[in-house]
Amino acid sequence: MSETQIVVGAAIVRDGAVLAAQRAHPAAARGRWELPGGKVDPGETDTAALVRECEEELGVTIRPLRRIGEDVAFPPRPGGPPAVLRVWLADLPDGQPEPEAREHLALRWLRAAALADVDWLPADRPFLERIRPHLGA
């Protein structure tokens, strides 16, 4: 049996909104929305992977604050190992530039009332209600 791949996502909150990223690839996920992040490499901690992935994908250095929710399994992928998503609440320390969509089609800051306005990937959806209280009114 393959070892479970850990994927981390960042619920980056700023000024009452969370950052959502629109996937460019793979083709099956293109145009759908996710929390930025990516795979944890062997020997890497969740938080180190989260910081690295956000630097690569967004051009910013985030500050992971704490995990929210439990692991959520990704739908089975043909030929791929089982995988789970872990989400961390994070912020952007002062002095960081505006995040850039380096690997995504677009980025959007979503307030609580707009969380349902985008087509989230299935693994990200269970975290939305855990994120909502951090977005204020």
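This section describes the annotated domain, the largest pocket and the salt bridges of a predicted model.

The UniProt record, an unreviewed entry, lists residues 3-135 under "domain: Nudix hydrolase". Within this span, strand accounts for 37% and helix for 13%. The C-alpha atoms at the two ends of the span are 35 Å apart.

The largest pocket holds about 750 Å³ of space. Its lining comprises 30 residues. Closest to the pocket centre are Arg23, Pro26, Glu34, Phe74 and Leu121. Several elements contribute to the lining. Strands β1 (5-14), β4 (37-39) and β6 (83-91) each provide at least two residues, as does helix α1 (46-58). By residue class, the lining contains 15 nonpolar, ten charged and five polar residues.

Salt bridges were then examined. The whole structure contains 14 of them. One joins Arg86 to Asp46, with 3.1 Å between the closest N and O atoms. Arg86 belongs to strand β6 and Asp46 to helix α1, so this pair ties together parts that lie 40 residues apart in sequence. Both β6 and α1 also supply residues to the lining of the largest pocket. The relative accessibility of Arg86 is 19%. Arg86 therefore counts as buried, the cut-off being under 20%. Asp46 has a relative accessible area of 15% and is buried too.

Arg86 has a further partner in Asp71. Here the closest N and O atoms are 2.9 Å apart. Asp71 lies in strand β5 (residues 63-73) and Arg86 in strand β6, so the bridge ties together parts 15 residues apart in sequence. Asp71 is partly exposed, at 33% relative accessible area. Arg86 thus forms salt bridges with a buried residue of helix α1, Asp46, and with a partly exposed residue of strand β5, Asp71.

A separate pairing links Glu53 with Arg52. The closest N and O atoms of these two residues are 3.1 Å apart. Glu53 and Arg52 are both buried. Glu53 and Arg52 also take part in a network of salt bridges that includes Asp41, Glu44 and Glu56.

Conventions: Residues numbered from 1 in each chain as written. Predicted model: local features only at pLDDT ≥ 70, side-chain atom pairs only at ≥ 80, totals over all residues. Heavy atoms only, no water. UniProt positions renumbered as here; feature names shortened; annotations may be inferred. Helix = DSSP H or I, 4+ residues; strand = E, 2+ residues; numbered from the N terminus. 1 Å grid on protein atoms, 1.4 Å probe; cavity = no way out; pocket = protein on both sides within 12 Å on 5 of 7 lines; lining within 4 Å. Points joined across faces, edges and corners; volume = space filled by probe spheres on them. Nonpolar A, V, L, I, M, F, W, Y, C, P; charged D, E, K, R; others polar. Salt bridge = Lys/Arg side-chain N within 4 Å of Asp/Glu carboxyl O. Buried < 20%, exposed > 50% of the residue type's maximum accessible area, 1.4 Å probe, protein only.
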